[in-house]
Structure formats: structure tokens, C-alpha cells
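Got your viewer ready? Open the model below and keep your selection tool handy.

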Amino acid sequence: MKKYIIGLVVILIIIVPFVLNKKNGKAQYLSEPIQKRTITQIVEATGTIEPINTVSIGSQVSGRIDEIFVDYNSHVEKGQLLAQIDTSLFKAQLQQAEANINNARATLQKNKALLDYDTKTYHRYKNLYERNLVSKNDLDEAESAYKSDLAQVSAARASIMQAEANYATASANMGYTKIVSPVKGIVISKEVEVGQTVAASFQTPTLFTVAEDLTKMQIETSVSEADIGKVAVGQDVNYTLDGYPDLVFTGKVSQVRLSPTTESNVVTYTVIIEVENNEGKLLPGMTANVSIITGKKEDILTVPNVALKFTVAGNTQKYDQKGIWIDKKGKPVRVNIETGVSDDNYTEIISDKIKEGDLVYTRNLSNVKKKENMRVPRI
């Protein structure tokens, strides 16, 4: 019997801290004191951990991969050689371009010599014609040869320029056989192996992906159109990772992208969250469970959300203003209120007629189904 009584007392203390019992068969109400709390409003979403800056490194020329000097997770410096493409074809093209330059230069020298000769001939015939020693036809032929030589010299100079341009192209292609990193970072993706042929005919293939700085990461989340209006740049964020279930990480909203995404008639917006990764626990591709803190109020009067729906038994009156029922000398009395911030459990109440510690009614026990009734053992 003693153990039975102790058990009953424990149940009453834990489950029903405040119950107003109306005797003589009247209604029983569950109540609890109004308390000051901190209410935090959040928008929940999921996202993926990604580096802030990643660089895709490809090849501008086609060829066989001869050597690869890095692997996954390799730390690289700006300008460091990552891979080498076979250079035999490009060397041949470079040599041919160099030979074309030499040939064009030789042609220019030849044409210059011919021009020099024909120039002298033209001026000599011109002097002779003025003294009527040669015919007009001879002079015209000399002039024609002179002007033709001028054109040939100009064409030879153009050929040199074209050959030099081809040489520059061949030289650049030769340089492109060396795949180098344009940034300092870490290799997070390697798409080629030694012996593989790279085809860059239509588009630049990606060979490596380098993340610049993994100490600063970002979470890319999708927020529904119903919640996006609450989200703003600078808001604090808490998030958890499946790989570290006991840890809570923090970040800040850095960007709310205006471009919507529609999938299955659901509109979402991308929100970017900047996070620190100084300890190196965050890995690219991790799934983050995000809570964006959109509002927070501390030390405010609150009531359980169910208290806003409570009404005394038998009351059918309609009210124009929100209200709650509080205990006044053992009787439920309705008090008009205004509501503020709210979360899943509690709502801020604003009223000069309510103070901390007042009992607010939350539940009509007489309306609870039998299976939900608190069964008190008989003594």
C-alpha cells in the first residue's frame, strides 16, 4: 500500500503539475503557470556542404595523357604542373611553323633583291626615255616589273606575319600540353588516368577540380516559397551533420538567390550559408540539416500553444479578440491578449492583465478520450 501511494504521488507530480478539480461531477481542467522564456523562430531546410570557390581545370588541346603528378587530396600551388599531355605531334607542328617562317623570310629577301634590280632598271629607263633613247613600251615594262616587285615584297612580309602567327599558335598549343593549376588549393576531383586520350575538339574536358580554400565552406539549401520571406542575409544558422550527430555547427546566411526553382509544382529558392571549417570536419558533399534563425525574443511571457485553443466546458461564445483562460480564485476567467512570436510549443502573449506565475488553462480533461485519460489507481 505504501509503495502504491508513493507511485501515485510521483505520477501526479510528473504528469499533472497543476490540475483544477471541480467537484460534484463538474469539469476538470489542466493548467500550468505562465512563464518567461526565450522563443526562437526557425526555418528548417537541408543542404549540401560545398567549397566556396572551386576551379575546374581542363585541356585546350587533344592528346594522350603521358604523366599525372597529383592525386585526390593533393595540395597544389598556383602554377604547379598537374599533368602532361604527349608533345610529339605539337613539336612537329612547332617545327613546321618555324620552317614556314624561315621560308617566308627567304622569299622576302629574294623579292627585295629583285625589287632592288627592277627599281634601278625602271629609273634608268625613265632617264633614257626622257632623252628619247628608249620607247614608251620599254619604260612601261620596266615600271610594271618595278610595281610587281613592290607587291611581291608586301606579300612576302604578310607571309612572314602569317607564319609567325602560326608559330605562336603552335607554341601556345605546345604550352597547353602542360596542365597547370591556376590557383592554390586542394584537388577534390581527378577525371583522367595515364594513357587516357583527351578530346578537346568540341568542348574543354574537365581533368581536375581544385578547391581554393577548404577552411571556408558554404551550404547550398533550398527554402520553400512559404518560408523564403522570413529569410534574410546575416541571419544566424545552426546545422547538424549525419557524420557528427552529437555536434551542432553554426553559420550565417550570405545570399538569398532570387532565381526560383520549380519541381513538381513546388517552388523553392536557393539560400547560401557561409560556414567555417578550421578543424577540417566538413567535407564536400556532406548533407547538412539546417535551422535558419529568423527571429528570437528573450525573457518574454509565454503560454503553451494549446492554451490559445482552450475554452471552458459548455462555452460557445464567439470572441473578436484572441484570449486565454487563467485561474482567478479557483475559477477560469478569460483575458484578452495579443500574441507575438511563436514556435512549435509556445507563443508570446502581450497583456497588462497577466503576470508571470498566473495559471493558464490548457486542457479540458473531461473531453479527453478514455484511452487518453490518466488512470489513477484506487487505494
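What follows is a walk from the whole chain down to a single side chain.

Before you click, note that this is a predicted model, where local features need pLDDT of at least 70 and side-chain atom pairs count only at pLDDT 80 or more, while totals for chains, interfaces and linings use all residues. Residues are numbered from 1 along each chain as its sequence is written, and side-chain values use heavy atoms, with hydrogens and water left out.

**Stop 1: the whole chain.** Select everything and color by secondary structure. You'll find 3 helices and 21 strands; helices (H or I, at least four residues) and strands (E, at least two) are DSSP runs, numbered from the N terminus. The chain has 379 residues, and 33% of them count as buried, meaning under 20% relative accessible area, with exposed being over 50% and partly exposed in between (1.4 Å probe, protein chains only). Switch on the surface: about 23,900 Å² is exposed, and carbon and sulfur atoms supply 49% of that. Such areas come from the Shrake-Rupley method with a 1.4 Å probe; for residues, only the protein chains shown count as cover.

**Stop 2: an open sheet.** Now select β5, β7, β8 and β10. In what order do these strands line up? They form an open sheet, β8-β7-β5-β10, with antiparallel pairing. At the edges are β8 (178-180) and β10 (197-198), each pairing on one side only. Two strands pair if DSSP finds at least two bridges between them. Zoom in on β5 (residues 63-68) and β7 (residues 81-85), joined by 3 bridges. Here Ile68 sits opposite Ala83 in β7. In general, strands of a sheet pair through backbone hydrogen bonds, either parallel or antiparallel.

**Stop 3: follow β12.** Select β3 (residues 35-51) and β12 (residues 216-224), an antiparallel pair with 5 bridges. Pro51 has Met217 in β12 as its bridge partner. Next, add β15: 9 bridges tie β12 to β15, again antiparallel. Look for Lys216, whose bridge partner in β15 is Glu276.

**Stop 4: into the loop.** Keep going past β15 (266-276) and you reach the loop before β16 (287-304), where Glu279 is found. Is Glu279 buried or exposed? Glu279 counts as exposed because its relative accessible area is 63%. Show side chains, and a polar contact of 3.3 Å links Glu279 with Lys281. (A polar contact is a pair of N or O atoms within 3.5 Å; within protein, one must be able to donate a hydrogen and the other to accept it, and residues adjacent in sequence count only if both atoms are side-chain atoms.) Finally, pick Leu214: from Glu279 it is 65 residues away in sequence and 10.0 Å away in space, C-alpha to C-alpha.
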